[in-house]
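Me: I have a model open and want to learn how to read it. Can we go feature by feature?

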Amino acid sequence: MKQQDNQRFFSAELLRWYRKERRDLPWRRSRDPYHIWVSEIMLQQTRVDTVIPYFHRFVDRFPTLSQLAEAPEDEVLKHWEGLGYYSRARNLQSAAREVVERYGGEVPRTKQEVSGLKGVGPYTTGAILSIAFDQPEPAVDGNVMRVLSRYFCLDDDIARPSTRISMEDRAQALIPEGEASDFNQALMELGAMVCTPKSPDCPACPVSLHCEGRHQGRERELPVKTKAKKAKPVFRFAVIVEGKGAHAGKVLVRQRPDTGLLAKMWELPHVEVSDEGTWDNPAAGALMLEEALTEEGVRIRAADEVIGEAQHIFTHLVWKIKVLAAEAQEEAYVADRTAYRWIGPEDFEDYAWPNVFRKLLTEYFIHAIHHEAR
DNA sequence: AAATCGGGGCG
DNA sequence: CGCCCAGATTT
């Protein structure tokens with residue numbers, strides 16, 4: 001079979017399959033480019049099932065692009081809480097504001113303009129242009145690279161940026177005239193539902209007849225991808241500082257810096273220690289916490305008893321955290337330090353927390369309320 | 001090209 | 001436990 005015939009077969013059969021099997025997803029019920037944009041940002045490195053409830057809450061609170069642009073940043077971050085990769089939320093709002101200022105509030109339709117928006121890279125540019133505006137641009141994500149690697153039996157390492165470029169050329173050549181929106185979604189849908197990473201369901205695949213990877217019996221070993229490095233452990237002591245006097249029943253928390261890991265999220269005060277040996281010595285942790293918080297203008301007395309332990313797994317590192325208890329020594333501190341705040345259970349939901357601190361604080365408040373009730 | 005950026009689900 | 005997910009940005 002000629003290559004062009006094979007490509008036509010692939011596109012036609014995939015489209016036919018998609019129109020019958022496509023999932024009913026919230027963002028597929030909307031033609032609003034803004035809604036499609038929001039969904040694509042949320043779906044970066046994040047599963048469909050995880051995104052669905054977040055998408056509903058987000059478009060319910062920020063139904064239009066201008067409402068997102070006008071919202072307080074804290075509230076946008078709060079609606080992203082637990083979804084991860086929080087720079088996505090800040091970039092999305094920043095880009096929404098740019099669209100209001102530069103494009104009159106309408107999502108632009110050119111490749112140059114769309115790809116210039118913050119948080120919108122090669123994949124998302126193609127996704128917005130094709131899904132929202134039916135333009136014949138490729139949208140190559142992990143699903144698409146897996147499907148194409150198998151169908152054409154390609155050994156290119158999909159971890160390499162150059163591979164994504166060549167995949168985009170192939171993907172674009174496969175788009176049927178006037179069908180960019182459905183075709184690009186079909187390609188991803190096949191990767192998500194049939195041509196899955198571990199155990200592809202070839203009998204259910206609409207294009208298995210001419211799949212070269214399957215012909216060669218290599219569908220399970222493709223795509224080729226270099227392995228990621230293992231996450232390194234980082235040892236930390238966190239502290240729950242119980243307030244006194246006017247701050248009785250409250251706990252000291254702080255906001256993370258504007259950039260970097262978990263930017264602008266809230267957390268328990270904590271310090272990093274150099275090695276696991278120090279981490280096994282709570283007395284050393286108590287001293288380090290007292291010193292570190294003194295630097296910040298907060299006087300505390302920490303006990304050397306571990307009252308909680310938690311682990312937070314990131315892609316490139318693992319936080320191992322032991323939690324100590326402490327009492328505030330004075331009352332008039334941290335007043336002029338906006339990064340630190342006293343909060344009680346009633347304030348908890350006003351702040352955006354990484355999962356690990358949400359869990360630790362929830363446990364503490366539940367325990368404290370129990371204790372008080374007796 | 002490599003590192004940085006979350007969190008969860010699954011074999 | 002390792003791998004991957006509708007990736008983008010920074011270095």
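Me: Which side chain does Glu 81 join through a polar contact of 3.1 Å?
Reply: Look for N or O atoms within 3.5 Å of each other. Here the model is predicted. In it, the side chains of Glu 81 and Lys 78 make a polar contact at 3.1 Å. The Glu 81 side chain also makes a polar contact with the side chain of Arg 358, at 2.8 Å.

Me: Where is Glu 81 found?
Reply: Read the elements on either side. Glu 81 sits in the loop between α5 (73-80) and α6 (87-103).

Me: Is Glu 81 buried or exposed?
Reply: Compare its relative accessibility with the cut-off. Under 20% means buried. Glu 81 has 13%, so it counts as buried.

Me: What is Glu 81 in contact with, leaving aside neighbours within four places in sequence?
Reply: Skip the sequence neighbours and list what remains. For Glu 81 that gives Tyr 54, Tyr 86, Tyr 351, Ala 352, Trp 353 and Arg 358. Arg 358 is the partner in the 2.8 Å polar contact with Glu 81.

Me: Tyr 86 is on that list. What does a polar side-chain atom of Tyr 86 lie 2.7 Å from?
Reply: Check the nucleic acid too. That atom of Tyr 86 lies 2.7 Å from a phosphate oxygen of DNA strand B.

Me: How many residues surround DNA strand B, and which are the closest?
Reply: Start with the count, then the nearest names. There are 19 residues around DNA strand B, and the closest are Tyr 86, Leu 262, His 312, Thr 315 and Asn 355. Of the atoms of DNA strand B within 4 Å of the protein, 57% belong to sugar and phosphate.

Me: Which side chains have an N or O atom by a phosphate oxygen of DNA strand B, at 2.8 Å and at 3.2 Å?
Reply: Take the pairs one by one. An N or O atom in the Asn 355 side chain is 2.8 Å from a phosphate oxygen of DNA strand B. For the side chain of Lys 229, the distance is 3.2 Å.

Me: What classes of residue make up the surface near DNA strand B?
Reply: Sort by class. The surface near DNA strand B has eight nonpolar, nine polar and two charged residues.

Me: How does the surface near DNA strand C divide?
Reply: Use the classes again. Near DNA strand C there are eight nonpolar, seven polar and twelve charged residues. Of the 27 residues around DNA strand C, Gln 45, Gly 119, Asp 141, Asn 143 and Arg 146 come nearest. Helices α8 (122-133), α9 and α11 each supply at least two residues of this surface.

Me: What share of the DNA strand C atoms within 4 Å of the protein belongs to sugar or phosphate?
Reply: Split the atoms into backbone and bases. For DNA strand C, 66% belong to sugar or phosphate and the rest to bases.

Me: Which atoms of DNA strand C pair with Gln 45, Arg 146 and Arg 47?
Reply: Note the atom type on each side. A backbone N or O atom of Gln 45 lies 2.8 Å from a phosphate oxygen of DNA strand C. A side-chain N or O atom of Arg 146 is 2.4 Å from a phosphate oxygen. For Arg 47, a side-chain N or O atom is 3.2 Å from a base oxygen.

Me: In what sense do β5 and β6 pair?
Reply: Check direction, then count bridges. Strands β5 (residues 300-313) and β6 (residues 317-328) pair in the antiparallel sense over ten bridges. A hairpin of three residues joins β5 to β6.

Conventions. Residues numbered from 1 in each chain as written. Chains lettered and ligands numbered in written order. Predicted model: local features only at pLDDT ≥ 70, side-chain atom pairs only at ≥ 80, totals over all residues. Heavy atoms only, no water. Helix = DSSP H or I, 4+ residues; strand = E, 2+ residues; numbered from the N terminus. Buried < 20%, exposed > 50% of the residue type's maximum accessible area, 1.4 Å probe, protein only. Polar contact = N/O pair within 3.5 Å; in protein donor to acceptor, adjacent residues only side chain to side chain. Contact = heavy atoms within 4.5 Å. Near = heavy atom within 4 Å. Nonpolar A, V, L, I, M, F, W, Y, C, P; charged D, E, K, R; others polar. Pairing = 2+ DSSP bridges.
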